[in-house]
Amino acid sequence: MKTIRLTRRTLAALATLATLILSPALALAQEFVKVEGKLADEVPAGPFVAIAYGFIWIAILGYVVYIARGVGRVRGELEEVRRKLDAAGKR
């Protein structure tokens, strides 16, 4: 138990130390740099959005079909149980 606590404390201390050491580097990495010249071409978002919506709707449709088939199977089994109960009750 003590070795686990020691390990957790050691990891916490190392994480804190790494954060303190890397903080200046993160601040320098976020420095603003003015862009000069022609900007890069932008990728049109329309096709990607259409593909994403299409994928989601196909997934939803597949899920609905899967659930409907399961409900149909359960209804068939329920009807079979009802028939067997009716047949057993008539005897």
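These legends go with close-up views of one predicted model.

**View 1. The whole chain, with 2 helices and 0 strands.** The chain runs to 91 residues, and buried ones make up just 1% of them. Its accessible surface adds up to about 9,300 Å². Carbon and sulfur atoms account for 68% of that surface.

**View 2. A nonpolar patch on the surface.** Here's a patch of about 1,200 Å². The aromatic contributors are Tyr 53, Phe 55, Trp 57, Tyr 63 and Tyr 66. Val 49, Ile 56, Ile 60, Val 64, Ile 67 and Val 71 also help make the patch.

**View 3. Trp 57, one of the patch residues.** Trp 57 sits in helix H2, which covers residues 46-90. Its relative accessibility is 57%, so Trp 57 counts as exposed, the cut-off for that being over 50%.

**View 4. The salt bridge between Glu 80 and Lys 84.** Side chains of opposite charge can pair when their charged atoms come close. In this pair, the closest N and O atoms are 3.3 Å apart. The structure holds 1 salt bridge, and Glu 80 and Lys 84 are the partners.

**View 5. Where Glu 80 and Lys 84 sit in helix H2.** The two residues are 4 apart in the helix, or about one turn. How exposed is Glu 80? Glu 80 has 36% relative accessibility, so it counts as partly exposed. Lys 84 has a relative accessible area of 55%, so Lys 84 is exposed.

Key: Residues are numbered from 1 along each chain as its sequence is written. This is a predicted model: local features need pLDDT of at least 70, side-chain atom pairs count only at pLDDT 80 or more; totals for chains, interfaces and linings use all residues. Side-chain values use heavy atoms; hydrogens and water are left out. Patches are made of residues with over 30% relative accessible area and no salt bridge: like charges are joined within 9 Å, nonpolar side chains (Val, Leu, Ile, Met, Phe, Trp, Tyr) within 5 Å. Accessible areas come from the Shrake-Rupley method with a 1.4 Å probe; for residues, only the protein chains shown count as cover. A salt bridge is a side-chain nitrogen of Lys or Arg within 4 Å of a carboxyl oxygen of Asp or Glu. Buried means under 20% relative accessible area, exposed over 50%, partly exposed in between (1.4 Å probe, protein chains only).
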